[in-house]
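Colleague: I'd like a close look at one part of this protein, its salt bridges, please. Take me through them slowly, with their surroundings.

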Amino acid sequence: MTFRRFFLLLATLLLSPGLMAHTLTISVTEPDGTPVGNAVVVLTPDRALTDAERNQPQSAPPAIMNQINKQFVPHVLAVQSHTTVSFPNSDNIFHHVYSFSPARQFELKLYKEAGASAITFDEAGVVDLGCNIHDWMLGFIYVTDTPYFATTPKGGEVTLTVPADTFTLSVWHPRMHEDDIAMSRTITVNKDDRLSVSLTQPLYPATDSENGLEEY
């Protein structure tokens, strides 16, 4: 292949719409405009994922679901399917982590510090976490097949880098009403852009797992 042909091929690939990357900033708010933190924003391409997109987590470091001050930290952890999550215990007491969720059932029996095994999450879905000792402790691992996702901070806004494509945009939060969880929309990304998602109903009140308790 001559240098000219190689250059033309490279230019064609770089200018292909499917390879052009854009930044998409998405804000999530309650109906009154209050920012929603701990919301998982997911962009699923309206096509089959490529091998590179599906296999992205294999080279990524393990995600972490910690236990700090008798709470799961973060309260919501989003990962791509086939990601391994470690469960260190940063408290000076025992915890006993478990999940009965269909997407991943497991049990990490009484342990302190960093002694627990890591768990791989292969199936997409929501995994509810609990502690057998501290009943109020509740955390969530949201597993998605697509690599285009993020969890909102307190300010309710995330920025994703995505290829030019058509996506289904969905949002999940553990205290969202069912109607909002089922809500999704199709978007086409062909430039850097900003989007707003306003929930139709306020979030359910926070539970003790988010407020924290100091019983034992």
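Modeller: Happy to! One yardstick before we start: a residue is called buried under 20% relative accessible area, exposed over 50%, and partly exposed in between. By that scale Arg54, with a relative accessible area of 38%, is partly exposed, because its value falls between the two limits. Please keep in mind that this is a predicted model.

The total comes to four salt bridges. As background, side chains of opposite charge can pair when their charged atoms come close.

Let's stay with Arg54. Its side chain meets that of Asp51 in a salt bridge, 2.1 Å from N to O. Both belong to helix 2, and because they are three residues apart there, about one helical turn separates them.

Helix 2 covers residues 51-54 and also holds Glu53. Is Glu53 buried or exposed? Its relative accessibility is 7%, so Glu53 counts as buried. The Glu53 side chain also reaches back to the backbone nitrogen of Thr50, at 2.9 Å. Leaving out residues up to four places away in sequence, Glu53 touches Arg47, Gln80, Pro147 and Tyr148.

Arg47 brings us to a group of three: Arg47, Glu53 and Asp165 are linked in a network of salt bridges. Within it, Arg47 and Asp165 have their closest N and O atoms 2.5 Å apart. Asp165 sits in strand 15, whereas Arg47 is in the loop between strand 2 and helix 2, so their pairing ties together parts that are 118 residues apart in sequence. Arg47 has a relative accessible area of 32%, which means that it is partly exposed.

Asp165 also leads towards the protein's interior. One residue in contact with Asp165 is Ile187, which, residues up to four places away in sequence aside, also touches Leu24, Leu43, Thr166, Phe167, Leu169 and Leu195. Ile187 belongs to the largest nonpolar core, a set of 22 residues, and is one of those that touch the most other members, along with Ile26, Val28, Leu43 and Leu169. Strand 15 (165-172) and strand 2 (40-45) each supply at least two residues of this core, as do strands 1, 14, 16 and 17.

Strands 14 and 17 hold the last pair I'll show you. Which residues meet in a salt bridge of 2.6 Å, N to O? They are Arg194 and Glu157. Arg194 is in strand 17 and Glu157 in strand 14, 37 residues apart, and the pair links distant parts of the chain. Arg194 counts as exposed, because its relative accessibility is 53%. Glu157, at 36%, counts as partly exposed.

How do those two strands fit into the fold? They belong to an open sheet of three strands in the order 14-1-17, with mixed pairing. Strand 14 (157-163) and strand 17 (193-198) are its edge strands, each pairing on one side only. From one strand to the next, the twist averages 25°. Between the edges, strand 1 (residues 21-29) pairs with strand 17 in the parallel sense over six bridges. One place to look is Thr29, whose bridge partner in strand 17 is Ser198.

If you trace this on your screen, begin with Arg54 and Asp51 in helix 2, go on to the Arg47, Glu53 and Asp165 network, and finish at Arg194 and Glu157.

Definitions and conventions
Residues are numbered from 1 along each chain as its sequence is written. This is a predicted model: local features need pLDDT of at least 70, side-chain atom pairs count only at pLDDT 80 or more; totals for chains, interfaces and linings use all residues. Side-chain values use heavy atoms; hydrogens and water are left out. Two strands pair if DSSP finds at least two bridges between them. Helices (H or I, at least four residues) and strands (E, at least two) are DSSP runs, numbered from the N terminus. Axes are lines fitted to C-alpha atoms, for helices over the stretch in contact, and angles run from 0 to 180 degrees between N-to-C directions. Buried means under 20% relative accessible area, exposed over 50%, partly exposed in between (1.4 Å probe, protein chains only). A polar contact is a pair of N or O atoms within 3.5 Å; within protein, one must be able to donate a hydrogen and the other to accept it, and residues adjacent in sequence count only if both atoms are side-chain atoms. Contact means heavy atoms within 4.5 Å. A nonpolar core is a set of buried Ala, Val, Leu, Ile, Met, Phe, Trp, Tyr and Cys residues joined through side-chain atoms within 4.5 Å.
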